[in-house]
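The following exercises are to be worked through with the sequence and the model at hand. Each task is followed by a solution in steps.

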Amino acid sequence: MPNLQQPAVLLLADGNVLYGKAFGKIGTATGEICFNTGMTGYQEVFTDPSYSGQMLIMNNVHIGNYGIKDTDVESSSVKIRGLIGRNLEDKFSRYQATDSLESYLKANNIVAIEGIDTRALVAHIRTKGAMNCIISSENTDIDFLTAELAKVPNMDGLELASTVSTTEEYELGDTNSPLKVAVLDFGVKQHILSCLVSRGAHVRVHPAKTPLSRLKEFNPNGYFISNGPGDPAAMPYAVTTLKAILAEDKPVFGICLGHQLLALANDIPTFKMHHGHRGLNHPVKNIITGQCEITTQNHGFGVDPEAVKNNPAVEITHINLNDNSIEGIRVIGKKAFSVQYHPESTPGPHDSRYLFDDFVKMMQENLN
Ligand SMILES: NC(=O)CC[C@H](N)C(=O)O
């Protein structure tokens with residue numbers, strides 16, 4: 001059979017050009033290039049709001065083989081800006097699957113490119129660091145692509161959380177439950193909310209810019225600070241709210257962006273990492289228990305390790321065993337803690353779900 005796929009081009013901000021074939025929507029897409037080393041879970045990854053503004057390379061050489069299933073999502077739509085792969089597969093085999101990857105990407109207006117040597121590309125990003133890129137299957141003229149790429153803002157300094165947060169408050173779980181959690185939504189993953197609800201919590205999810213006065217009207221037993229896209233340092237509104245929350249002295253749990261915000265609320269700066277952590281098998285050591293966890297990760301910013309070590313208000317609880325980066329902190333004398341990784345782990349191993357139990361236990365102790 002002749003190959004009818006249209007040609008497509010990937011241009012990196014450092015001038016490198018890679019040629020491949022069109023997949024998904026025919027069009028042009030721009031954003032920061034990043035890679036996920038997970039072997040599976042592509043649909044959960046594509047729908048994770050923390051990937052907003054990013055062009056994703058899936059390292060696994062075949063993506064799409066098990067198709068698409070309505071419930072394998074972390075939000076109601078695909079959040080990556082574009083997809084880059086070696087073999088993006090339209091044919092799929094799974095009895096529960098209802099759609100193919102290509103028709104799913106088309107329905108979500110996502111431009112993709114395949115036939116790329118992703119091993120070489122990932123090695124390049126690992127060496128050179130995160131940078132912007134453009135892919136196009138509609139106009140492969142390099143001058144056009146260069147001009148379009150120049151318009152793309154850098155992730156450093158970009159506030160994206162309020163663009164993916166809920167616009168309306170909503171509630172989940174048993175409304176009669178004594179455990180009430182106020183969630184600040186910066187792009188929360190659905191399975192984080194499920195992990196709270198399945199432990200008996202009555203959850204109210206609030207828009208990103210909700211002030212403490214409104215959060216308190218729910219009379220919560222604890223506050224959850226969500227994951228989300230963009231640069232935490234570009235979110236002073238969230239740091240102000242979190243400082244006020246901390247003064248309440250109720251349990252506080254933050255994940256990923258929520259962890260970075262907890263650091264900022266304690267005057268610990270964040271920084272842009274060289275190329276970030278995105279995958280399903282990052283080893284983390286809990287230095288309180290001495291146990292190791294295999295974790296799911298998705299972040300391009302980190303918490304300044306020296307500033308954490310020199311800050312008497314916080315204590316390090318978790319450390320990354322690959323690069324010693326800060327993976328968890330807690331505020332001394334308060335019931336406030338956070339992790340840089342994703343304990344809900346969708347997709348990924350469930351080693352870290354005990355953190356939701358810890359949070360629920362803290363809230364229960366507060367009830368007595
Ligand atoms: N998963 C997240 O919450 C990501 C946090 C932040 N946007 C980062 O890239 O580091």
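**Exercise 1. Locate the active-site residues that the record lists, beginning with His342.**

Step 1. His342 lies in the loop between strand 19 and helix 11 (354-367). Helices (H or I, at least four residues) and strands (E, at least two) are DSSP runs, numbered from the N terminus. Residues are numbered from 1 along each chain as its sequence is written. The model is predicted: local features need pLDDT of at least 70, side-chain atom pairs count only at pLDDT 80 or more, and totals for chains, interfaces and linings use all residues.

Step 2. In UniProt, an unreviewed entry places the feature "active site" at Cys256, His342 and Glu344. UniProt positions are given in the numbering used here, feature names are shortened, and annotations may be inferred rather than shown by experiment.

Step 3. These residues span 89 residues in sequence, yet no two of their C-alpha atoms are more than 11.3 Å apart, so they gather at one spot.

Step 4. The loop between strand 19 and helix 11 also holds Pro347. A cis peptide bond, with omega about 0°, joins Thr346 and Pro347.

**Exercise 2. Describe the residues around the ligand and set beside them the binding site of the record.**

Step 1. Around the ligand are Ser50, Asn227, Gly228, Pro229, Gly230, Cys256, Leu257, Asn298, His299, Gly300 and Phe301. A residue is near a molecule or strand if its C-beta atom, placed from the backbone, lies within 6 Å of it.

Step 2. Strand 16 (residues 292-303) gives the most to this shell, namely four residues.

Step 3. By class, the shell has four nonpolar, seven polar and no charged residues. Here Ala, Val, Leu, Ile, Met, Phe, Trp, Tyr, Cys and Pro count as nonpolar, Asp, Glu, Lys and Arg as charged, and the others, Gly among them, as polar.

Step 4. The unreviewed UniProt entry lists Ser50, Gly228, Gly230, Leu257, Gln260, Asn298, Gly300 and Phe301 as "binding site". They span 252 residues in sequence, yet no two of their C-alpha atoms are more than 13.2 Å apart, so they gather at one spot. One of them, Leu257, has its place in helix 9 (residues 257-265).

**Exercise 3. Determine the strand order of the open sheet and state which strands stand at its edges.**

Step 1. The open sheet has 10 strands in the order 10-12-11-13-14-19-18-17-15-16, with mixed pairing. Two strands pair if DSSP finds at least two bridges between them.

Step 2. Strand 10 (170-172) and strand 16 stand at the edges; each has a single partner strand, so one side of each is left without a neighbour in the sheet.

Step 3. From one strand to the next, the twist averages 25°. Axes are lines fitted to C-alpha atoms, for helices over the stretch in contact, and angles run from 0 to 180 degrees between N-to-C directions.

Step 4. Strand 18 (residues 326-331) and strand 19 (residues 336-339) pair in the antiparallel sense over four bridges. Phe337 in strand 19 is the bridge partner of Arg330.

Step 5. Helix 6 (residues 190-197) packs on the sheet and touches strand 10, strand 11 (180-184), strand 12 (202-206), strand 13 (222-225) and strand 14 (252-255). The direction of helix 6 makes about 150° with that of strand 12. Two residues are in contact if their C-beta atoms, placed from the backbone, lie within 7 Å.

**Exercise 4. Describe the closed barrel and one of its strand pairs.**

Step 1. The barrel has seven strands, which run 1-2-8-6-4-3-9 with mixed pairing. Direction ignored, neighbouring strands are turned by 35° against each other on average.

Step 2. Strand 6 (residues 82-84) pairs with strand 8 (residues 111-114) in the parallel sense over three bridges. Opposite Gly82 stands Val111 in strand 8.

**Exercise 5. Characterise the contact of domain 1 with domain 2.**

Step 1. The domain assignment, which is automatic or taken from a database, gives domain 1 (7-150) and domain 2 (161-367). Their C-alpha centres lie 28 Å apart.

Step 2. Domain 1 gives 22 residues to the contact, and domain 2 gives 22 residues.

Step 3. On the side of domain 1 that touches domain 2, strand 3 (28-36) and helix 3 (118-128) are the elements that give two or more residues. Strand 3 has the largest share, three residues.

Step 4. This side of domain 1 has seven nonpolar, 10 polar and five charged residues.
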